[in-house]
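Q: Got a minute to walk through this one with me? I'd like the overall layout, then a few residues.

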Amino acid sequence: MAALAFAVVGAVTAATLVLAPLLRPPGPRPLFQLPVACGETWQLGTYPGHGDYDVDLFPTEGEAWGRPVLASYAGTVTVAGINGSLGGRTPANPNGPRGRGGGYWVKIDHGGRWETQYLHLLEPPLVQAGQRVAQGDQLGLVGSTGNSGAPHLHYEQRRGWEKVEAHFDGTPSGITDDDTEYIRHRTSNNCLAAR
């Protein structure tokens, strides 16, 4: 009987330790930056059916393939791998078959129940789960793996379990819903790694 009581107390304690942080309200929004190199201007957009608050990023100059994807804020990598299937779109075969899902991707926990996600990377991520990253650290390269029609970076900010409008350098992105096509241009201030 004592062993059963001990097991119940242990299970309740473990559940409390796991669930309590998830029930707390999210902390203040981190000062996220564009997940691309300092000083570069990128097009941010979405389209009908894409998903509310989903942001696709394309460079306004030069080739998208192989551009560095950077952490938009410091945190701990929770996922670095494959979401869905990769497909066969590469710089050598840009019209290859599409995969499913996000392809190569990274998810970062920034604390305070904030996280970011980076999808469609060209190659396996340069980071691994459990690794601590600083703002501006390179996570991978822009690609077109997964369900992607062209090389770009699909990016999301999440508060708790919900996607929210992405903010960059303290300013809302303007990408809020997928009822219409939105296009914005922003210049990256993700310059900490260069200091």
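What follows is a short chat about the fold, the disulfide and a few chosen residues.

Q: What kind of model is it?
A: It is a predicted model.

Q: How many helices and strands does the protein chain have?
A: The protein chain has one helix and 13 strands. The helix comes at the start of the pattern, and the strands follow it.

Q: What share of the 195 residues is buried?
A: Buried residues are 42% of the 195 in the protein chain.

Q: And how much area does the chain expose?
A: About 9,700 Å². Carbon and sulfur atoms supply 56% of that area.

Q: What about contacts between residues 24 or more positions apart?
A: Take the contacts with a separation of 6 or more: residues 24 or more positions apart account for 68% of them.

Q: Switching to cysteines. How many disulfides are there?
A: One disulfide. Cys38 and Cys191 form it, with their sulfur atoms 2.0 Å apart.

Q: Where do those two cysteines sit in the chain?
A: Cys38 is in the loop between helix 1 (2–23) and strand 1 (41–46). Cys191 is in the segment after strand 13 (182–187). They are 153 residues apart, so the pair links distant parts of the chain.

Q: Is the disulfide right-handed or left-handed?
A: The torsion about the S-S bond of Cys38 and Cys191 is about 75°, so the disulfide is right-handed.

Q: Are Cys38 and Cys191 buried or exposed?
A: Cys38 is partly exposed, because its relative accessible area is 40%. Cys191 is at 11% relative accessibility, so Cys191 counts as buried. The cut-off for buried is under 20%.

Q: New topic: Glu115. Where is it?
A: Glu115 is in strand 6 (residues 114–121).

Q: Which side chain of opposite charge is nearest to Glu115?
A: Lys107, at 4.2 Å. Glu115 is buried yet has no salt bridge. The salt-bridge cut-off is within 4 Å.

Q: Which side chain does Glu115 make a polar contact with?
A: The side chain of Gln117, at 3.3 Å.

Q: What else does Glu115 touch, beyond four places in sequence?
A: Glu115 touches Lys107, Ile108, Asp109 and His110. Glu156, Gln157 and Arg158 also touch Glu115.

Q: Which residues is Thr78 in contact with, leaving aside neighbours within four places?
A: Thr78 is in contact with Lys107, Ile108, Asp109 and Ala129. Lys107, Ile108 and Asp109 are also among the residues that Glu115 touches.

Q: Where does Thr78 lie, and how accessible is it?
A: Thr78 lies in strand 4 (residues 75–85). Its relative accessibility is 37%, so Thr78 counts as partly exposed.

Q: How far is Thr78 from Val106?
A: Their C-alpha atoms are separated by 7.7 Å. Thr78 and Val106 are 28 residues apart along the chain.

Q: Last one, His50. Where does it lie?
A: His50 lies in the loop between strand 1 and strand 2 (55–59).

Q: Buried or exposed?
A: His50 is buried, because its relative accessible area is 13%.

Q: What does the His50 side chain make a polar contact with?
A: The side chain of Thr46, at 2.8 Å.

Q: Which residues does His50 touch, not counting those up to four places away?
A: His50 touches Val55, Asp56, His154 and Asp178.

Q: How far is His50 from Thr180?
A: The C-alpha atoms of His50 and Thr180 are separated by 9.8 Å. Along the chain, His50 and Thr180 are 130 residues apart.

Key. Residues are numbered from 1 along each chain as its sequence is written. This is a predicted model: local features need pLDDT of at least 70, side-chain atom pairs count only at pLDDT 80 or more; totals for chains, interfaces and linings use all residues. Side-chain values use heavy atoms; hydrogens and water are left out. Helices (H or I, at least four residues) and strands (E, at least two) are DSSP runs, numbered from the N terminus. Buried means under 20% relative accessible area, exposed over 50%, partly exposed in between (1.4 Å probe, protein chains only). Contact means heavy atoms within 4.5 Å. A disulfide is a pair of cysteine sulfur atoms within 2.5 Å. Lys and Arg count as positive and Asp and Glu as negative; His and the chain ends are not counted. A polar contact is a pair of N or O atoms within 3.5 Å; within protein, one must be able to donate a hydrogen and the other to accept it, and residues adjacent in sequence count only if both atoms are side-chain atoms. Accessible areas come from the Shrake-Rupley method with a 1.4 Å probe; for residues, only the protein chains shown count as cover.
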